[in-house]
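Please open the model in your viewer and keep the sequence panel beside it. The tour below proceeds by selection, from the whole chain to individual residues.

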Amino acid sequence: MSDLRHRESARAAVGGTRLRPIEDPDWPAITRLESGAYGPDGLTETPQALRSRAYPATSFVLDTGGRIGGYLLALPYPPGSFPDLHRPEGRAHHSANLHLHDIVIDPDLRGCGWGRRLVGHLSALARSQAYRRISLVSVGGTAGFWTVCGFGPHTDVALPGSYGPDAVYMSRAIG
């Protein structure tokens, strides 16, 4: 892990809460958060698929000092492309585009600005690693949140039904 990651994690700390790289013991909590957030919409992934999308340099957890209060998984992915929800990643992609695959904040911490902080932290990491764009697939009616975060829709990108009926591929430049 680079010194930059440590500095970024230290800057992201608020109170006893901090953003830090994912560690092996975090996975049961990540899996529970993912299932709680996406299970009702039928978008839950297997633990193996989730782990395969956790690129170490750009994926992290919200550590509240004793429990995981959220997480963000992002990995390099070609523009206009996205992970298959039914399969783990088979290989790493080399791309100037960073795909924000998954973000979840514990329901008890929602409404406190943590989602925007996690996205801001990812943007800082992406900028420091020379990515040019961040993409994502908005699901569950969240396109409004992503628009406020600077993402725009790409209606020309067709998404499979596995992402849900209101899924939208979106991206933004790294500023």
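What follows is a series of selections, each with a short account of what is found there.

**The whole chain**

Begin with the entire protein chain, bearing in mind that the model is a predicted one. Colour the chain by secondary structure: five helices and seven strands should appear. Read from the N terminus, these elements follow the order α-β-α-α-β-β-β-α-β-α-β-β. The radius of gyration is 15 Å, close to the 16 Å that the globule rule gives for 175 residues, so the chain is as compact as a globular protein of that length. Along the principal axes, a box of roughly 40 × 35 × 30 Å holds the C-alpha atoms.

Next, display the surface. The chain exposes about 8500 Å², and carbon and sulfur atoms supply 54% of that area. Of the 175 residues, 48% are buried. Among contacts with a separation of 6 or more, 68% join residues 24 or more positions apart. If the charged side chains are then coloured by sign, there are 18 positive and 16 negative charges, and the mean positions of the two groups lie 7 Å apart.

**The cysteines**

Select Cys112 and Cys149 and show their side chains. How many disulfides does the model contain? The count is zero. Cys112 takes part in none, and the nearest cysteine sulfur, that of Cys149, is 15 Å away. Because a disulfide requires two cysteine sulfur atoms within 2.5 Å, the 15 Å between the sulfur of Cys149 and that of Cys112 is too far for a bond. The two residues can also be examined for their exposure: Cys112 is partly exposed, at 45% relative accessibility, whereas Cys149 is buried, at 10%.

**The loop after helix H3**

Move to Tyr55, which sits in the loop between helix H3 (47-52) and strand S2 (60-63). Is this residue buried or partly exposed? Tyr55 has a relative accessibility of 32%, and so it counts as partly exposed. Show its surroundings: leaving aside residues up to four places away in sequence, Tyr55 touches Ala74, Leu75, Pro76 and Tyr131. A distance may also be drawn from Tyr55 to Ile22; their C-alpha atoms are 9.5 Å apart, with their positions 33 residues apart along the chain.

**The loop between strands S3 and S4**

Select Gly90, in the loop that links strand S3 (68-76) to strand S4 (97-105). Gly90 is exposed, with 79% relative accessibility. From its C-alpha atom to that of Gly161, 71 residues away along the chain, the separation is 21 Å.

**The loop between S4 and H4**

Continue to Arg110, which lies in the loop between S4 and H4. Its relative accessible area is 47%, and Arg110 is therefore partly exposed. Which residues does Arg110 touch, if those up to four places away in sequence are not counted? They are Ala37, Val104 and Ile105. For a further distance, select Gly70: it is 40 residues from Arg110 in sequence and 9.6 Å from it in space, C-alpha to C-alpha.

**The loop after helix H4**

Now select Ala130, in the loop between helix H4 (114-128) and strand S5 (133-138). Inspect the backbone here. Most residues other than glycine have a negative phi. Ala130, although not a glycine, has a positive phi of about 65°. With a relative accessible area of 61%, Ala130 is exposed.

**The loop between strands S6 and S7**

Finish at Pro160, located in the loop between strand S6 (152-153) and strand S7 (168-173). Pro160 is partly exposed, at 34% relative accessibility. To close, draw a line from Pro160 to Thr31: these residues are 129 positions apart along the chain, and 23 Å separates their C-alpha atoms.

Technical notes
Residues numbered from 1 in each chain as written. Predicted model: local features only at pLDDT ≥ 70, side-chain atom pairs only at ≥ 80, totals over all residues. Heavy atoms only, no water. Buried < 20%, exposed > 50% of the residue type's maximum accessible area, 1.4 Å probe, protein only. Helix = DSSP H or I, 4+ residues; strand = E, 2+ residues; numbered from the N terminus. Rg over C-alpha atoms; globule rule 2.2 N^0.38 Å. Contact = heavy atoms within 4.5 Å. Areas by Shrake-Rupley, 256 points an atom, 1.4 Å probe, with all protein chains shown as cover. Lys, Arg positive; Asp, Glu negative; His and termini not counted. Charge placed at Lys NZ, Arg CZ, Asp CG, Glu CD.
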